[in-house]
Amino acid sequence: MAKTAIAYKEKMKEISVLSLLCSCLYPEARKNLMGEFQVAGMEVKPINKRASGQAFEVILKPPSPVSDAAHCVTSPPKREVSLEDIQKKLEAAEDRRRSQEAQVLRALAEKREHERDVLLKAMEENSNFSKMAEEKLTMKMEQIKENRQAYLASIMERLQEKERHAQVVRRNKELREELTA
């Protein structure tokens with residue numbers, strides 16, 4: 001199964017995709033596709049025409065033994081790793097770890113600083129709000145006190161006015177009684 005897949009990939013590389021597209025797009029080349037033709041180890045047969053387009057059957061020939069050898073890729077030779085190389089790599093890894101740790105610590109410090117700034121700003125705004133509310137309350141209480149004093153003063157004025165009027169009425173009554181008596 002794997003050899004068939006490799007052979008199929010190999011054959012598909014050999015076919016020029018551009019030539020297949022051109023043969024589908026240009027009418028002169030389409031006439032060649034109506035019959036069977038072979039391309040380097042692959043046979044293409046047209047299947048009955050369909051309303052939606054054309055269909056082809058692609059038949060692959062069995063892979064040749066030469067192509068298997070061409071696809072065997074050997075891994076590059078391993079070079080010997082010395083103790084110095086290992087030490088350098090370990091030091092580089094340690095440096096990367098330290099820098100990453102320092103970066104994380106910087107980010108945490110910045111985050112704490114930001115949180116502290118936000119907290120200070122919130123406390124300042126709360127303090128300002130409290131001061132403003134206290135000032136408004138003080139002003140309101142002073143206004144209420146002034147209004148109350150003005151109200152009491154007006155009531156006292158009316159009461160004194162009534163008392164004067166009552167004295168005038170009593171004096172007039174006494175004068176009438178003296179005149180009639």
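## The coiled-coil stretch

Over residues 83–117 the chain is 100% helix and 0% strand, with 50 Å between the end C-alpha atoms. Helices here are DSSP runs of H or I with at least four residues, strands are E runs of at least two, and both are numbered from the N terminus. UniProt, in an unreviewed entry, gives residues 83–117 the feature "coiled-coil region". UniProt positions follow the numbering used here, feature names are shortened, and such annotations may be inferred rather than shown by experiment.

Some ground rules before going on. This is a predicted model, so local features need pLDDT of at least 70 and side-chain atom pairs count only at pLDDT 80 or more, while totals for chains, interfaces and linings use all residues. Residues are numbered from 1 along each chain as its sequence is written, and side-chain values use heavy atoms, with hydrogens and water left out.

## Overall layout

The protein has five helices and three strands, and from the N terminus on they run α-α-α-β-β-β-α-α. Of its 181 residues, 7% count as buried; buried means under 20% relative accessible area, exposed means over 50%, and partly exposed is in between (1.4 Å probe, protein chains only).

Contacts (heavy atoms within 4.5 Å) can be split by sequence distance. Among those with a separation of 6 or more, 27% are between residues 24 or more positions apart. The accessible surface comes to about 16,700 Å², and 59% of that belongs to carbon and sulfur atoms. The areas come from the Shrake-Rupley method with a 1.4 Å probe; for residues, only the protein chains shown count as cover.

## Where to trust the model

The average pLDDT (the predictor's confidence in each residue, from 0 to 100) is 81, and 70% of the residues score at least 70. Among the elements, helix H5 (residues 83–180) has the highest mean, 95, and helix H3 (residues 27–33) the lowest, 48.

Over residues 29–35 pLDDT stays under 50, though the model still has 16 contacts there beyond four places in sequence. Where pLDDT is low, the predicted coordinates should not be read in detail.

## Salt bridges

Side chains of opposite charge can pair when their charged atoms come close. The structure holds eight salt bridges, each one a side-chain nitrogen of Lys or Arg within 4 Å of a carboxyl oxygen of Asp or Glu. One of them links Glu163 and Arg170 at 3.8 Å, N to O. Glu163 is partly exposed at 41% relative accessible area, and Arg170 is also partly exposed, at 45%. Elsewhere, salt bridges with shared partners tie Glu94, Asp95, Arg97, Arg98 and Glu101 into one network.

Within that network, Arg98 pairs with Glu94, their closest N and O atoms being 3.8 Å apart. Glu94 and Arg98 are four residues apart in helix H5, so about one helical turn separates them. Arg98 also forms a salt bridge with Asp95, this time at 3.3 Å between the closest N and O atoms. Those two are three residues apart in helix H5, so again the separation is about one helical turn. As for exposure, Glu94 is partly exposed at 28%, Asp95 at 45% and Arg98 at 48%.

## A nonpolar patch

Val81, Ile86 and Leu90 make a nonpolar surface patch of about 270 Å². Patches take residues with over 30% relative accessible area and no salt bridge, joining like charges within 9 Å and nonpolar side chains (Val, Leu, Ile, Met, Phe, Trp, Tyr) within 5 Å. Ile86 lies in helix H5 and is partly exposed, with a relative accessible area of 37%.
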